[in-house]
Amino acid sequence: MRYRLTFIAGVVLGYVLGTRAGRERYEELKKSARSFAQNPAVRNAAESAAQQSRVYAGRALHVVGEKVGDHVPDSVAERVRALRERTGTDDDWGTSNT
């Protein structure tokens, strides 16, 4: 019985110390990730990548639309036409509301 109590006490102590250390490490990682994301160079790179992806997606939309042509159902063709007409409008894709 004494060995069981010693074992249980060791498990409880290990769990408490491990969770405290794990929580501290988690908070440390969260803080470093937040500071990385707020770095101006990282933000500029992310915005640049988002802008380039918009350009490439627009090009791909037109290329696919031209190549596929009349081989798609009318509902899909109408959706593609609607997207083509929308390309000149600004959107909030890739921006944060924080």
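## Overall picture

Accessible areas here come from the Shrake-Rupley method with a 1.4 Å probe. By that approach, the chain exposes about 9000 Å², and carbon and sulfur atoms supply 58% of this area. Please keep in mind while looking around that this is a predicted model.

The fold is quick to describe: there are three helices and zero strands in the chain, giving the pattern α-α-α when read along the sequence. Of the 98 residues, 4% count as buried.

## Helix α1 and its nonpolar patch

Let us start with helix α1, which covers residues 2–37. A nonpolar patch of about 610 Å² lies on the surface, and the residues that make it are Phe-7, Ile-8, Val-11, Val-12, Tyr-15 and Val-16.

Val-16 is a handy residue to look at more closely. It is found in helix α1 and has a relative accessible area of 37%. Since buried means under 20% and exposed means over 50%, Val-16 is therefore partly exposed.

## Salt bridges along α1

A search of the whole structure finds two salt bridges. One of them joins Arg-25 to Glu-28, with the closest N and O atoms 2.7 Å apart. The other pairs Lys-30 with Glu-27, and here the closest N and O atoms are 3.7 Å apart.

Both partners of the Arg-25 and Glu-28 pair lie in helix α1, three residues apart, about one turn of the helix. Lys-30 and Glu-27 also both lie in α1, again three residues apart and about one turn of the helix. The spacing makes sense, because an α-helix has 3.6 residues a turn, so residues three or four places apart point the same way.

How accessible are these four side chains' residues? Arg-25 has 44% relative accessibility and so counts as partly exposed, and Glu-28, at 48%, is partly exposed too. In the other pair, Lys-30 is partly exposed at 33%, while Glu-27 is partly exposed with a relative accessible area of 39%.

## Helix α2: length, cap and cover

Next comes helix α2, which runs over residues 40–68. Does its length fit, or not fit, what its residue count suggests? At 1.5 Å a residue, its 29 residues should span 42 Å, and because the end C-alpha atoms are 42 Å apart, the two values agree.

At the N-terminal end of α2, Asn-39 acts as a cap: one of its side-chain oxygens lies 3.2 Å from the backbone nitrogen of Ala-41.

Within α2, which residues are buried? They include Ala-50, Gly-58 and Gly-65. Part of what covers the buried residues of α2 is helix α3, residues 74–86.

Notes: Residues are numbered from 1 along each chain as its sequence is written. This is a predicted model: local features need pLDDT of at least 70, side-chain atom pairs count only at pLDDT 80 or more; totals for chains, interfaces and linings use all residues. Side-chain values use heavy atoms; hydrogens and water are left out. Helices (H or I, at least four residues) and strands (E, at least two) are DSSP runs, numbered from the N terminus. The expected span of a helix is 1.5 Å times one less than its number of residues. Buried means under 20% relative accessible area, exposed over 50%, partly exposed in between (1.4 Å probe, protein chains only). Contact means heavy atoms within 4.5 Å. A polar contact is a pair of N or O atoms within 3.5 Å; within protein, one must be able to donate a hydrogen and the other to accept it, and residues adjacent in sequence count only if both atoms are side-chain atoms. Patches are made of residues with over 30% relative accessible area and no salt bridge: like charges are joined within 9 Å, nonpolar side chains (Val, Leu, Ile, Met, Phe, Trp, Tyr) within 5 Å. A salt bridge is a side-chain nitrogen of Lys or Arg within 4 Å of a carboxyl oxygen of Asp or Glu.
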